[in-house]
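Trainee: I have a new structure open and no idea where to begin. Can we go through it together?
Mentor: Fine, put it on the screen.

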Amino acid sequence: MKIGITCYPTYGGSGVVATELGIELAARGHDIHFITYSQPFRLTGREAHIHYHEVPVSNYPLFEYPPYDLALATRMSEVAEFYNLDLLHVHYAIPHSVSALLARQMLASRGRHLPFVTTLHGTDITLVGLDRSYLPITRFSIEQSDGVTSISEYLKKRTQEAFGITREIEVIRNFVNCDFYCRKADAVESTRQQYAEKHERLLVHLSNFRPVKRVLDVIEVFARVARQVPSRLMLIGDGPERSAAEWLAIKNGVQDRIHFLGKQENVNELLPLADLMLMPSEMESFGLAALEAMACEVPTIGTRVGGVPELISDGHNGLLFDVGDVEAMTRAAVALFEDEDRLGEMSRAARKTAQDRFCATRIIPLYENYYQRIIERESKTPL
Ligand code: GMT
């Protein structure tokens with residue numbers, strides 16, 4: 001198939017999923033065309049079967065707000081026509097599904113089908129989509145999409161309830177490439193020493209440092225753990241809460257034990273070095289960072305919110321707590337570090353969950369089948 005993919009190409013879960021999906025589909029022989037305002041950060045630009053089309057946005061002085069969504073719609077329709085695309089797949093409803101809707105109409109006026117699939121990721125529904133100024137158009141573009149997928153059962157229900165949408169939404173959960181995200185003993189042996197001494201525990205957090213991620217809770221938990229167990233923390237990512245996190249680390253006297261690594265491209269090389277992931281988010285529709293860690297045999301201490309319980313089963317492959325309960329999270333982390341057998345069992349269970357339920361080899365065929373169904377159905381529908 002020839003598939004166009006649009007996403008936010010910068011740091012963020014939906015962009016990661018879209019890019020990894022494109023890479024996996026290309027590896028299976030499909031032609032993938034990324035249509036975005038900059039090259040998605042996990043792409044090298046040299047992958048076979050992958051093409052990148054930048055969306056140029058005019059900054060004519062009259063435009064206080066350059067109309068990106070119109071430029072995107074134009075580029076989508078051009079790429080679809082020039083490269084004979086079978087389908088567009090947009091990640092994150094706003095504004096991508098609105099642009100895809102316009103592109104579909106532009107091509108229909110020229111006698112061509114261009115079905116599009118919208119994948120809902122979370123904040124496009126839970127935060128942005130429920131803002132009154134975006135709600136009607138988000139609902140409209142979801143209803144008008146030829147196919148809609150959601151990354152968890154939770155997000156599907158939330159979308160149906162909050163938007164009053166009755167149309168079908170297919171749940172296709174996030175995935176991880178289990179060959180790429182895994183723990184290799186020799187790599188851990190040679191690299192871990194950069195971040196922690198042999199006798200120290202190593203914790204990790206990975207996010208875009210937005211308030212919803214509660215990075216300050218990460219610092220609070222780590223500061224308490226570090227008082228009881230020799231340990232270090234790797235913080236991967238960057239964003240609005242970074243300086244508050246730095247300040248809190250200094251206030252707690254743990255700044256020397258924390259590695260602020262900023263945005264990192266090869267997180268698959270860093271995650272396996274850790275013993276435990278902290279994801280104390282206020283909300284997660286899925287929690288891709290936890291899945292990536294789990295594939296690397298790193299269990300997560302997380303929160304019982306959104307779609308997280310669909311990934312982490314409490315006490316088996318990770319541990320779940322109420323949002324903000326840093327004392328309980330601390331007790332759990334310390335208890336795990338003091339019980340090597342239990343930590344080992346949980347690490348193996350985390351890897352097994354990733355392999356058995358969320359491995360790319362299982363999830364990508366679900367997308368392929370879904371695309372096929374949509375393309376066949378739409379080819380028989382009059383324009
Ligand atoms: O919260 C983020 O990291 C950004 C956001 C995005 O769309 O980039 O993430 C959402 O999509 C991820 C990938 O599907 C999910 O794993 C995250 O749980 C989800 N974030 C929230 O729901 C807050």
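**Contacts and overall build**

Trainee: What share of the contacts with a separation of 6 or more is between residues 24 or more positions apart?
Mentor: In this chain that share is 70%. Keep in mind that the model is predicted.

Trainee: And how many helices and strands are there?
Mentor: The chain has 14 helices and 13 strands. Its radius of gyration is 22 Å, close to the 21 Å the globule rule gives for 383 residues, so the chain is as compact as a globular protein of that length.

Trainee: What does the C-alpha trace span along its principal axes?
Mentor: About 70 × 45 × 40 Å.

Trainee: How much of the chain is buried?
Mentor: Of the 383 residues, 56% are buried. The chain exposes about 16,500 Å², and carbon and sulfur atoms supply 49% of that area.

Trainee: Switching to charges, how far apart are the mean positions of the positive and negative ones?
Mentor: They are 2 Å apart, taken over 41 positive and 50 negative charges.

Trainee: Now a single strand. Which residues of β12 lie on each side?
Mentor: Strand β12 covers residues 300–303, with Thr300 and Gly302 on one side and Ile301 and Thr303 on the other. In a regular strand, side chains alternate between the two faces of the sheet.

Trainee: Are those four buried or exposed?
Mentor: All of them are buried, so both faces of β12 are covered.

Trainee: How does β11 run relative to β12, parallel or antiparallel?
Mentor: Parallel, with three bridges joining β11, residues 276–279, to β12. Methionine 277 stands opposite threonine 300 in β12.

Conventions. Residues numbered from 1 in each chain as written. Predicted model: local features only at pLDDT ≥ 70, side-chain atom pairs only at ≥ 80, totals over all residues. Heavy atoms only, no water. Helix = DSSP H or I, 4+ residues; strand = E, 2+ residues; numbered from the N terminus. Rg over C-alpha atoms; globule rule 2.2 N^0.38 Å. Buried < 20%, exposed > 50% of the residue type's maximum accessible area, 1.4 Å probe, protein only. Contact = heavy atoms within 4.5 Å. Areas by Shrake-Rupley, 256 points an atom, 1.4 Å probe, with all protein chains shown as cover. Lys, Arg positive; Asp, Glu negative; His and termini not counted. Charge placed at Lys NZ, Arg CZ, Asp CG, Glu CD. Pairing = 2+ DSSP bridges.
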